[in-house]
Every structure is written in structure tokens, then in C-alpha cells.
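Visitor: I would like to go through this model with you and ask, term by term, how each description is justified. Could we begin once the structure is in view?

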Amino acid sequence: MNQNQAFKGLKVADFSQGVAGPYCGMMLAQGGASVTKVEPTGGDWARTLGTTYGEYCAHAIVVNLGKKSISIDLKNPEGLALARKIAEEADVVLESFRPGVMKKFGLDYDSVSKNNSNVIYLSVTGYGQEGPYSTRPVTDSAIQGFSGWMSITRDENGMPMKSGMVVIDFLTGLFAYQSVMKALIGRGVSGEGAYIDCNLMQAAAAFQSAKILEHHLEGGSPNVLYVPAGTVQTADGYVGIAVMREGHYAELCKVLGREDLIDHEDYNSREKRVVHEKPLMAEIRREFLRKTTAQWSKELEAAGVIHSPINGYADYLENEQSKAVNSYSWIDHEVVGKIPLPRIPGFDGFVNGSELAHSPLVGEHSDQVLEGLGLSEAEIAALKEKGAVFSR
């Protein structure tokens, strides 16, 4: 269990949906904050992101760990009044709608801060609050394309490729989390709240700062950092190699049985290898086809050459190093069964049966949240009857 509950006593109203905002909320929950996930009666749309298992999917499980869910119909006047009360009593409010949506409900920063002056309010959008693209719908893959990410992730034929996961969403969630932490520290010093605009476009650009700078400094065609580097095919799989130093290059050539490449006039320095990357990599790729991944890995390890077999997730979960540092925990989920949950750096691992390892169903904690707002059983029952709130 995460014993260092730095955010204990902090109230978070998480109106966000998808991945980025909820991931930020989940991190706050793991740090001890009381995070109330406010979602519509049909649930956060991300609950159907990918294969579903009953009312769960993998992404929804991960980004909602440790939260309490209340399901409210914001189009119902009494439901909207409840949502406003939750926001006005929160230390932190998270939302991830297009600009203007929360304002329609009186749940935007200006409205909330009138009665909650030191609130920290985070908005997650695709392109930001202003500009010609601000109201465009967006997906992770769209931002990968827009931000230049896919221009540096190409297949062997030069075709731009998107990452196999919603990487920008998770990155944005991490930037959002650190922004909220910075604002909380600032509030502790000044007593003032803050409005934070954290959008996917800016998160993608910030993460790629060095590559964007390289692009500018090198006239749009930045060189690779070093050669040989990249993925090479073996007799039964793939190995990733990263050969930065001259001594490592020499050792790689020896392992491959190609000592002739060490002092070759085209390859005997880092600068030359960068210039002649294609012919050198072609030579190296041919050699790697001769043996299996395990054979090459054993020989490269002995020679001190930086490399890694290209693992699948099953390989990672079974790896001795992953297990040695307790990089994940097996948790018994009440619907989907036993699941692996990777430990978040800086936190203890998830513990079976802990509230922090539980992802709520839609409206699972509606009654509990309403009781915390001071409502009686009769008042709660009336709200349910009127369709303002959905509860389990």
C-alpha cells in the first residue's frame, strides 16, 4: 500500500473523461487525495475503450484506481446543483471537455472560483483553450500526427507510424499531475488557486523538445545520434541495439565475426558511421539473421554491448529483473479476474484488497458521496427517483 499519503485530506472533483485527465486523478488518489469521479449516468466514454469485460476495460481500470464514482445527470437541475456543490467544495477540479462545455453548466473555472476562490482547476483539451483548432475533436493518434511524433517514427520504408498505445494521452496525464502538484505547492505559499490549461498538443511538443530543437538547428534533417542503433531481426525474433562508444562498436563487430568492419575506412568513427548508416546497418542486419535472439543476447551481454531482446508483455511479466524489483503486483479483480498492475515510480506497489487497487463501477459510491455532502437518506432517495443521480 502507498503509505506516504502526501495528499491526505485533499478533495478532488474529477469530471474528466478519457485517459489524460483521469490518469492525473488516479495519481492524485494514489497520493492520498479523496478523488470523486463525477460521471454521467452512462459512464465515462473511456469505459468502452477497447475490449470490454462486463462494465470494465483495461484503460478504465488503470486510470480510475482509488477513486469513488458518483453518477450524475447534469441536464437534471438537481443533478447539476449537486455537481456544482462538489466542485465548490473541492481543492482540485479536473475536466477534459472542449472549451465552452463546462461553462454551459456553470462548472467552468470562472463560475467555480466565485465560491471557491483558491481552487486549482485543470482543463485537459486537445489543442488548448484558444486558437482556430481549439474546438476540434481529437484523438491520441491525431496529435501524434499533428505534433511531428509520427515523422520520427517510421517503418523501414519510411512510412510514418503511430505508437501502439495512447502514449500522448498518458504523457498529458503525467504533465497534468505535475502541474497540479506545482499549483498545490504554490497555493501553500501564496494561498491562491490556479487555472491550468494542459492540452495534448503542448504535452506532445514539450516531450519532444530536444527533437524539435534538433530539427531547427540541423535544417530539418537531424542526424541520428549514433550508429549502429535500432531493431535488427534474428533467426527467431528481434533485438534492439544501441552502440554509442567506439569500444562497444568494436566489441559488436567481434561478436558478429566481422572484425573487418572495425577499421573500415567508412565506419572507423562515429561521424563516419552516421554518414554511412544504411550500408553499415545492412551488413549488420545480415549477420544477425544467423542466430537466435537468445544466442545473440548471451554473446552481446558477455561482450558488454548495450542491447535488449524485443520483448512482448508476457516476456516482461516473466522476466527475472521485473520480478526482482517488484515492478508489478497481481491483483484479484472482482470482474475480470487476476490482473497485473505495474507499480508507479515513486509509489509503493498495489496491494490486493486495498481501496487504491480498486476501480469503481459507474455510480458505485453515489450514496457515500451524497452522504458526505450532508444529504439525508430521504433526500438521496428523492434524487434517485427523479433521475438526478444513479446509484448501485
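Visitor: What follows helix 1, and what is the sign of its phi?
Guide: In this predicted model, helix 1 is followed by Gly-32, and the phi of Gly-32 is positive, near 110°.

Visitor: What makes helix 1 a mostly covered helix?
Guide: Buried means under 20% relative accessible area, and of the 11 residues in helix 1, which spans residues 20-30, 11 are buried; therefore each of them falls under that cut-off. Among them are Tyr-23, Cys-24, Met-26, Met-27 and Leu-28, and the list also includes Gln-30.

Visitor: Which elements provide that cover for helix 1?
Guide: Contact means heavy atoms within 4.5 Å, and the elements that cover the buried residues of helix 1 include strand 1, strand 2, strand 6 and strand 7, together with helix 2 (58-63) and helix 7.

Visitor: How do you know that strand 1 and strand 6 are paired?
Guide: Two strands pair if DSSP finds at least two bridges between them; three bridges join strand 1 (residues 11-14) to strand 6 (residues 92-95), so the pair meets the criterion. These two strands run parallel, and Asp-14 has Leu-94 of strand 6 as its bridge partner.

Visitor: What is the strand order of the sheet, and why is strand 8 or strand 14 said to stand at an edge?
Guide: The open sheet has seven strands in the order 8-7-6-1-2-5-14, with mixed pairing. Strand 8 (194-199) and strand 14 (389-390) each have a single partner strand, so one side of each is left without a neighbour in the sheet, and this is why they stand at the edges.

Visitor: Which strands do helix 3 and helix 7 lie across?
Guide: Helix 3 (residues 77-88) lies across strand 1, strand 2 (34-39), strand 5 (68-72), strand 6 and strand 14, and runs at about 145° to strand 5. Helix 7 (residues 167-190) lies across strand 6, strand 7 (120-125) and strand 8, running at about 165° to strand 8. Angles between N-to-C directions run from 0 to 180 degrees.

Visitor: How many helices and strands does the protein have, and what share of its residues is buried?
Guide: The protein has 17 helices and 14 strands, and 44% of its 392 residues are buried. Among contacts between residues at least 6 apart in sequence, 67% join residues at least 24 apart.

Conventions:
Residues are numbered from 1 along each chain as its sequence is written. This is a predicted model: local features need pLDDT of at least 70, side-chain atom pairs count only at pLDDT 80 or more; totals for chains, interfaces and linings use all residues. Side-chain values use heavy atoms; hydrogens and water are left out. Helices (H or I, at least four residues) and strands (E, at least two) are DSSP runs, numbered from the N terminus. Buried means under 20% relative accessible area, exposed over 50%, partly exposed in between (1.4 Å probe, protein chains only).
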